[in-house]
Amino acid sequence: MLSLKDIKKSYCGNQVIRGISLEVPQNSFYGIIGRSGAGKSTLVRLMSLLERPDSGEILFDGERADVLKSKALLAKRRSLGMVFQQFNLFSSRNVFDNVAYPLEIIGAKKESIAPRVRELLAWVDLSEKETSPVSRLSGGQKQRVAIARALANNPSLLFCDEPTSALDPQTTVSILELLKKIRKEMGLTVIMISHQMEVISATCNFVAELEQGAIVSVKELKHA
Ligand SMILES: Nc1ncnc2c1ncn2[C@@H]1O[C@H](COP(=O)(O)OP(=O)(O)OP(=O)(O)O)[C@@H](O)[C@H]1O
Ligand SMILES: [Mg+2]
């Protein structure tokens, strides 16, 4: 579904991604593990087309995506969901309006937005919080809103960059369970970054280990 071929990226002459090739199978829960500074977030920004590699190829279903420009690039990006460690919600918007945002910017019809938002809030078990300001939510609830928002445009791929690193262990488990359920029941492919093996092994069926900008191993995990 997603292939990287010899991707390289430098910042100011400092090579951060040193020739990464990997294959993410359709419907997999793919983990990328590595220490702080290994290049995990950079790799996710490249895979999610937020940044362009200096060289190498990025293919979605066999089609080059790293060469897309303007409108086609925007459309492709919108088919990819993103979830971050710090939630990145709009603090001035309530729960409903955060989830509605990606639908508003693609110009979805107003009457189609509310049922879709409610469906997503039901998925993440936040139906009762529709009108709450996000500032009054717990970290776990904020991450659920962020997940619902990431799913609004029916992405085929969901990228999660340290989605549970700001959460306590119990909340971490509930967010990981939610991601597993979404992958299974929505038929998504999930790519998750973490520096914790226990987070990866609780969810992923593949794990790639990143060290100083290079993949040093890829393993298949059986039980996920
Ligand atoms: N926009 C940028 N400009 C310059 N250097 C950058 C930029 N983004 C990342 N880097 C550098 O690239 C390296 C990898 O950073 P990255 O954020 O990808 O690591 P990470 O594995 O996500 O780390 P962490 O676990 O701390 O989030 C670091 O040395 C960082 O300083
Ligand atoms: Mg990072």
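The legends below go with four close-up views of this predicted model.

**View 1. Helix α3 meets helix α5.**
Start with helix α3, residues 95-105, and helix α5, residues 139-151, whose axes come within 7 Å and cross at roughly 25 degrees. Because angles under 35 degrees count as roughly parallel, α3 is described as roughly parallel to α5. Their crossing is right-handed. On the α3 side, look for Val 95, Asn 98, Val 99 and Pro 102; on the α5 side, their partners are Val 145, Ala 148 and Arg 149. Sorted by class, this contact has 5 nonpolar residues, 1 polar and 1 charged.

**View 2. Helix α5 meets helix α6.**
Now follow α5 to its contact with helix α6, residues 169-186. Here the axes lie 10 Å apart and the packing angle is about 20 degrees, so these two helices are also roughly parallel to each other. The crossing of α5 and α6 is right-handed. From α5, the residues to pick out are Gly 140, Gln 143, Arg 144, Ile 147 and Leu 151. They meet a set in α6 made up of Thr 171, Ser 174, Ile 175, Leu 178, Leu 179, Ile 182 and Met 186. By class, the contact of α5 with α6 divides into 7 nonpolar, 4 polar and 1 charged residues.

**View 3. The largest pocket and its lining.**
If you like hunting for open space, this is the view for you. The largest pocket has a volume of about 540 Å³. It is lined by 18 residues, and those closest to its centre are Arg 77, Arg 78, Leu 80, Met 82 and Pro 102. You have already met Pro 102 in View 1, as one of the α3 residues that meet α5. Which elements each supply at least two residues of the lining? They are α2 (70-78), β6 (80-84), α3 and α5. Strand β6 gives the largest share, with 4 residues. The lining as a whole has 11 nonpolar, 4 polar and 3 charged residues.

**View 4. Ser 217 and its surroundings.**
The last view turns to strand β10, residues 214-220, where Ser 217 is found. Leaving aside neighbours within four places in sequence, Ser 217 is in contact with Val 207, Ala 208 and Glu 209. For a sense of scale, try Ser 132 as a second landmark: Ser 217 and Ser 132 are 85 residues apart along the chain, and their C-alpha atoms are separated by 44 Å.

Methods. Residues numbered from 1 in each chain as written. Chains lettered and ligands numbered in written order. Predicted model: local features only at pLDDT ≥ 70, side-chain atom pairs only at ≥ 80, totals over all residues. Heavy atoms only, no water. Axes fitted to C-alpha atoms, helices over the stretch in contact; angles between N-to-C directions. Parallel < 35°, antiparallel > 145°, perpendicular 65-115°, else oblique. Left-handed = near helix turned anticlockwise from the far one by under 90°. Contact = heavy atoms within 4.5 Å. Nonpolar A, V, L, I, M, F, W, Y, C, P; charged D, E, K, R; others polar. 1 Å grid on protein atoms, 1.4 Å probe; cavity = no way out; pocket = protein on both sides within 12 Å on 5 of 7 lines; lining within 4 Å. Points joined across faces, edges and corners; volume = space filled by probe spheres on them.
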